[in-house]
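Trainee: Could we go through this structure together? I'd like to practise reading one step by step.

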Amino acid sequence: MARSAGPARIAPPAWLTAGLKPEAAPVPWAAVVRAAVALSVPLAVGMAAGKPAYGALVSMGALSGVIGDTADAYRMRVFNIAVPQLFGALGVTLGTLVFGEGWVAVAVVTVIALVSGMISSIGAVASVSGLLLLLNAVVGAGLPMPEPWWRAPVLLALGGLFVLVLTLLGWPMRRAAPEREAVAATYRAVAELYEATGTPSYDEKRQAVTASLNQSYDLVLARRARQHGRASSLVRILAQLNVVIPLVEAAPAAHLRARLLGPLPPEIPAAVRDLADAVEEGRTGAPALDLPTPERPAEKAVDHALRYAATVVLPQALGSARAGETPLADPDPFNVDDRLGRPAALRVRARRAARAVLLSEASWRYGLRLALCVGLAQALVSLVPVPRSYWVALTVTFVMKPDFGSVFSRAVLRAAGTAAGLVLAALVLSQVPRGWWDVPVLAVLAALIPASSAKGYAFQTAAITPVILLLSDVLNHQGFDLVLPRLYDSLIGCAIALVAGYLLWPESWHSRIGDRLADAVADTAAYVGRAFGGTEDHGGRLRARRKLYRDLSTVRSEFQRALTEPPPTGTRAAAWWPLVVAVERIVDATTAARIRVDHGAPAPDPAEVTAVERELRELADGLRGTDTLVEVRAELPGDENGVLAPLRREVGAARAIAGPDLR
């Protein structure tokens, strides 16, 4: 007799619980120690001097510096910490000047929210700067600060300066280490990509390579903008990064070969890892590469790319390629075009940023959304007596950061993280005696911030909440009475963000995702034409491919945000997700075909190339005209044994993807 099934298990939907699972990430021990020292030492000095409130303000400034210290290269860390601190000092100054002024404070903080939201669209440093501008303005307008008015901004800036000093202690010994480590990590990601050729994990490893390349170029180009042509170490690092591109270009052809004939010889990924070690250690003169003799076009492409990289990374290892073989198309890696070319001058970038902020519809849209939510929060606490009401607007500010993730998911995670953090804060405030015991407790709590930030937003919130409450208790001595009001304030702030910042501002699927994906498909069609056009432009083809993958990476990130939202957005994102993967595979197949042609395979018929381009452009036009994917059976003519056969299959698979009707 069949066993009767038990009651159906009731579980919350995935879009609601996404983000509550900790992400796998190593513990950044250096950041853990730095955070513990940066927050506890100022409080200890303040207590020793009989001014614990001053010490608490310096620790608050250090907290902002710890949160903003997300870069790897030291020069970028200076900007990531110092520039936001200046905006934070301006914010607390303006907030302090309107403290207790009622509706004047509401108006001023609302205008600051508008400015903060608009400048956040410029870039990462501007985003953190806008965040601290608004956060500190809210704190200054909601908490009594020490007199005179300039003391609070100076103390907060000292905290950020202390974090900066601690961060730069290793600069003399590790001046170029972050850039070298990033480039070495890119080589290791490529080695894992070659190991994954012919397996289902290839797509995941390719995405990891794209992310690593983006990070490495961001770090190296940030240095290049200020000292290109003056530092031989930078020139060498840039050359080592440039020559990894042919290895990446050869990977799709190697993947196709591995699917047909089996995995690549293990000597290939081992050789790439040896190059990674050489980059990281800065060494030269390693033994010559011991690679198997290539026979097929894909194998020749990998062999040429690997030996070409070795001539740059290990210039004493190989004098040239194999006897009788032609090196790759880029003979001078020092002149290879980088991802975007040399960065423009600072004043040019400043003008472009100002123009983008003032003329961008997206910039105004987000600024107005943030201003509306913060204005409602400030007005609410002005009408309803809420103790320490600044927490409502703080919650709104954190939840409404669009570059940090979906507003809906952040509201859910903020509420969950705050609740967990308040449990820990309740234990601390009820069990730990006030006074010097605050210093070691703060050190332990501060260490949890960088350790938990990599795990996810909810975990970061849970770590930050008790730190802020402990420092607030030093300022206002409310003790355990702080806990429940903060929970209520957080829930109110999340509700304001959800209603006024999410539900009242519905964005069409096209403006958010559909048109971006359609543009990527159209660019893919142009890439196919460029790859097999009549003119040889290796540098242009390289730049087009890098731009395509970066654009697709942005689309992928937006999809991942959409997947955490309730229907219909989350459901539609899940339906369209396979198309993103299909477009990435089309780019891979195009690159693989071009590489095979470069190394001896017969070139495709121009009519075959034109047919592929036409199908991709029709797909792009279709994506712009509908919210629902429709299956299309594409009949692409061509040689089934030709170089474009895999590409035609990928295009046909993309055209055949259909989704549910959600209109």
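Mentor: Sure! Keep in mind that this is a predicted model. Let's kick off with a polar contact: the side chain of Ser212 pairs with that of Thr186 at 2.8 Å.

Trainee: Okay, and which helix does Ser212 lie in?

Mentor: Look for the run that covers position 212. Residues 202-227 form one helix, and Ser212 lies in that stretch. So the one you want, going by how helices are numbered from the N terminus, is H9.

Trainee: Does Ser212 count as buried or exposed?

Mentor: Check its relative accessibility, which is 11%. The cut-off for buried is under 20%. Ser212 falls under that cut-off, so it counts as buried.

Trainee: Which residues does Ser212 touch, not counting those up to four places away in sequence?

Mentor: Thr186, its polar partner, is on the list. The others are alanines, so to speak, and here's the full set: Ser212 touches Ala182, Ala185, Thr186 and Ala189.

Trainee: Now Val632: where does it lie?

Mentor: Find the helices on either side. One is H24, covering 606-625, and the other is H25, covering 645-655. Val632 lies in the loop between H24 and H25.

Trainee: And why does Val632 count as partly exposed?

Mentor: Partly exposed sits between the 20% and 50% cut-offs. Val632 lands there because its relative accessibility is 29%.

Trainee: How far apart in space are Val632 and Ala654?

Mentor: In sequence they are 22 residues apart. For space, go from C-alpha to C-alpha, and you get 8.9 Å.

Terms used. Residues are numbered from 1 along each chain as its sequence is written. This is a predicted model: local features need pLDDT of at least 70, side-chain atom pairs count only at pLDDT 80 or more; totals for chains, interfaces and linings use all residues. Side-chain values use heavy atoms; hydrogens and water are left out. Helices (H or I, at least four residues) and strands (E, at least two) are DSSP runs, numbered from the N terminus. Buried means under 20% relative accessible area, exposed over 50%, partly exposed in between (1.4 Å probe, protein chains only). A polar contact is a pair of N or O atoms within 3.5 Å; within protein, one must be able to donate a hydrogen and the other to accept it, and residues adjacent in sequence count only if both atoms are side-chain atoms. Contact means heavy atoms within 4.5 Å.
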